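Me: I would like to learn how to read burial, contacts and disulfides from a set of coordinates. Could we work through one case together, with the general idea stated before each example?

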Amino acid sequence: MKDSSFSELNISPEILKAINEMGFEAPTSIQTRCIPQILEGKDLVGHAQTGTGKTAAFGIPALQMANKGSNTPSVLILCPTRELAIQVTGELIKLAKFTDGIYTLPVYGGQPISRQLKALKKGAQIVVGTPGRVIDHLKRGTLKLGSLKMVILDEADEMLNMGFREDLEEILSYSKGKSQTVMFSATVPKTIRNIMNRWMENPEMVKVEGKAETAAGIDQYYMEVRDSMRTEAISRVMDMSNFKLALIFCNTKRKCDSLVQELQSRGYSADALHGDMNQNVRDKVMNKFRSGRIDILVATDVAARGLDVDEIDVVFNYDIPNDPEYYVHRIGRTGRAGRSGMAITFSAGRKNKSLRFIEKMIRTQLQPLPMPSAKEVKLSKMDNHLEEMIDTLQEGGLREYIEQLEPIAEGDFTPIEIAAALFKMRLENNKIDLNAEPEQQIPVEEYYGRKKKTHKKRNKRRKY
């Protein structure tokens with residue numbers, strides 16, 4: 001994929017400033033291809049699913065083309081559900097942070113209509129609503145579309161599946177011949193094409209397709225955890241598997257920096273790599289990562305392009321990428337040079353829809369992966385300490401230590417009791433409590449490679 005920047009898309013300085021503050025570095029494919037054409041006033045159909053960055057693809061032009069300071073809306077955005085209407089409104093508010101004269105108002109069922117009537121009376125330049133509630137306002141005369149410049153149908157196929165066809169037709173009739181029409185849909189069935197033929201003028205078709213399959217030799221998993229538990233999940237997986245090098249991808253520069261601080265506070269050697277860093281700093285960070293002086297690198301997609309480190313054991317998608325091609329690029333950083341690799345993508349709730357889209361594009365189904373419980377992580381650490389003790393026994397050179405312990409062994413304690421006491425002290429010094437209650441009872445050994453090892457008795461006498 002060719003790299004591009006938001007500054008190349010004729011976006012206003014105010015919106016560019018907001019995008020930079022939000023931490024996004026580069027537009028997705030759908031944004032690169034749609035924003036210029038929408039800004040030119042063309043009718044457009046974006047064939048794209050949730051998770052491709054389509055909200056900004058239509059939201060940025062909508063903000064830029066809206067009549068600033070007007071009392072009547074110049075942009076109408078229709079969504080199938082109130083949840084999506086709220087989500088779109090929130091995104092537009094963030095993008096318009098430094099743009100004066102733009103007020104975005106959501107109107108949807110389930111909210112007192114009196115509150116919406118009051119807000120509409122004050123004036124809104126962009127209205128985001130569900131079809132049913134928009135129809136209510138049109139019939140009441142409280143929503144006037146005489147100044148409408150653009151109407152946007154988000155997830156158009158979902159609205160049709162939910163029985164909103166007549167509502168859509170009625171709403172579009174208010175803007176026939178007056179406004180630019182933009183539509184985004186995951187599928188383009190006959191019903192969508194009927195709308196295109198009747199209500200759109202020579203629409204441009206922009207389709208986002210998966211262009212590459214993921215590399216072989218990479219075990220791909222998804223882990224359902226709420227946002228607040230993602231850092232904890234990373235910590236447990238790292239401790240459970242004893243990985244040496246890990247790469248974590250975030251969608252924004254701000255998240256990279258905050259995640260690095262969280263990991264460092266937990267005792268991990270971590271650093272960030274993103275577009276706000278100059279090339280000299282990036283080179284220093286990469287040299288530390290290649291040499292193993294840092295264990296975890298937290299990066300954005302743009303900063304990690306060209307990253308070539310063969311020994312990366314695991315890739316975490318802290319955020320689901322906004323483009324399936326980014327997903328392929330991300331997980332391709334592991335499993336290199338004939339090695340096996342692991343990729344773990346965090347997901348929950350509505351984000352699962354974005355994950356299903358990625359699976360469809362890469363033609364691969366991600367496997368569910370349980371988060372290790374605290375008890376299981378501690379048991380894994382105990383196994384590691386036992387292995388280190390056995391290695392020390394096999395190395396020999398213990399004579400001076402045996403001489404110190406022999407008087408105790410000749411007293412009231414057996415050698416095995418002495419060994420157990422020393423092992424307990426070692427675990428306590430490393431803050432490992434084996435009496436902790438398990439948080440979940442799940443067999444995670446098969447995922448993380450923690451296997452109970454048995455050690456054969458050796459008859460060979462060692463020299464001390």
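Reply: Let us start with burial, where a residue is called buried under 20% relative accessible area, exposed over 50%, and partly exposed in between. Please keep in mind throughout that this is a predicted model.

Me: Is Gly-132 buried, partly exposed or exposed?

Reply: Gly-132 has a relative accessible area of 26%, and because partly exposed covers the range between 20% and 50%, Gly-132 is partly exposed. As for its setting, Gly-132 belongs to helix H6, which spans residues 131-140, while for the protein chain as a whole buried residues make up 51% of the 464 residues.

Me: Which residues is Gly-132 in contact with, leaving aside its neighbours within four places in sequence?

Reply: A contact requires heavy atoms within 4.5 Å, and with those neighbours set aside Gly-132 is in contact with Phe-164 and Asp-167. Across the protein chain, 77% of the contacts with a separation of 6 or more are between residues 24 or more positions apart.

Me: How many disulfides does a search of the whole structure find?

Reply: The test is whether a pair of cysteine sulfur atoms lies within 2.5 Å, and the search of the whole structure finds 0 disulfides. Cys-250 is in no disulfide, because the nearest cysteine sulfur, that of Cys-256, is 4.4 Å away, whereas a disulfide needs the two sulfur atoms within 2.5 Å.

Me: What is the relative accessible area of Cys-250?

Reply: Cys-250 has a relative accessible area of 0% and is therefore buried, and Cys-34 is likewise buried, with a value of 0%.

Key
Residues numbered from 1 in each chain as written. Predicted model: local features only at pLDDT ≥ 70, side-chain atom pairs only at ≥ 80, totals over all residues. Heavy atoms only, no water. Buried < 20%, exposed > 50% of the residue type's maximum accessible area, 1.4 Å probe, protein only. Helix = DSSP H or I, 4+ residues; strand = E, 2+ residues; numbered from the N terminus.
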